[in-house]
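Visitor: I am new to this structure and would like to learn how to read its features. Where do we begin?

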Amino acid sequence: MRAAVTLCAAAALAVPLVGTASAAPSAQPAARTQQTQDPVLVDCSGQPQIGPGAYVLACGDGNSRLVSLRWFRWDPQAAVGRGTNAVNDCEPDCAAGAFHSYPVTVRLDMPTGGEQGTGQAHFTRITLTYTDGRPDGSPRTVTYPLPG
């Protein structure tokens, strides 16, 4: 009998914990919605992102991508972070090439008003500044238009 009472008490205590745990994830989307007022970064598949940890620059073949991104600014005017640009040297060709890593500062800017594409404001330009080495033939700072 004592074991049955103990089990019932444990079960009664677990029920509120389960309810609390299942309520916690629903709080996250509300916070995420609040953040989406800032412009987003649109990825290769057209999905809006805020503060991604990685981003493919060369959508066609994936031979240039940003990894290990850490953002220290993300607001309505710009986003700024640091990471690594992993670039395929395509020697002797891209299928047999090797990826090389270059530290970069990343800046996103020129946000739209959100009237096209995803319906959300999104950044339309990315600027990479290589901070220690860079791909052969690349200037220290490069700027590209972004999809959107």
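Guide: With one residue, keeping in mind that the model is predicted. Trp 74 has a relative accessible area of 16%, and a residue under 20% counts as buried, so Trp 74 is buried.

Visitor: How is a pair of aromatic rings described?

Guide: Two values serve: the distance of the centres and the angle of the planes. For Trp 74 and Phe 123 the centres are 5.7 Å apart and the planes stand at 75°. Planes over 60 degrees apart count as edge-to-face, so this pair is edge-to-face.

Visitor: Which parts of the chain does the pair link?

Guide: Distant ones: Trp 74 belongs to strand E4 and Phe 123 to strand E7, with their positions 49 residues apart. Phe 123 is buried, as is Trp 74.

Visitor: How many aromatic pairs does the structure hold?

Guide: Three. One of them joins Trp 71 to Trp 74, edge-to-face, at 5.0 Å centre to centre and 80° between the planes. Through ring pairs, Trp 71, Trp 74 and Phe 123 form a cluster.

Visitor: Where does Asp 75 lie?

Guide: In the loop that runs between strand E4 (64-74) and strand E5 (79-88). Its side chain reaches the backbone nitrogen of Gln 77 at 2.9 Å. Leaving aside residues up to four places away in sequence, Asp 75 touches Asp 38, Pro 39 and Phe 123.

Visitor: What sits over the ring of Phe 99?

Guide: The charged end of Arg 65, 4.3 Å from the ring centre.

Terms used
Residues numbered from 1 in each chain as written. Predicted model: local features only at pLDDT ≥ 70, side-chain atom pairs only at ≥ 80, totals over all residues. Heavy atoms only, no water. Helix = DSSP H or I, 4+ residues; strand = E, 2+ residues; numbered from the N terminus. Polar contact = N/O pair within 3.5 Å; in protein donor to acceptor, adjacent residues only side chain to side chain. Contact = heavy atoms within 4.5 Å. Phe/Tyr/Trp six-rings, centres within 6.5 Å; stacked < 30°, edge-to-face > 60°. Buried < 20%, exposed > 50% of the residue type's maximum accessible area, 1.4 Å probe, protein only. Lys NZ or Arg CZ within 6 Å of the ring centre and 35° of its normal.
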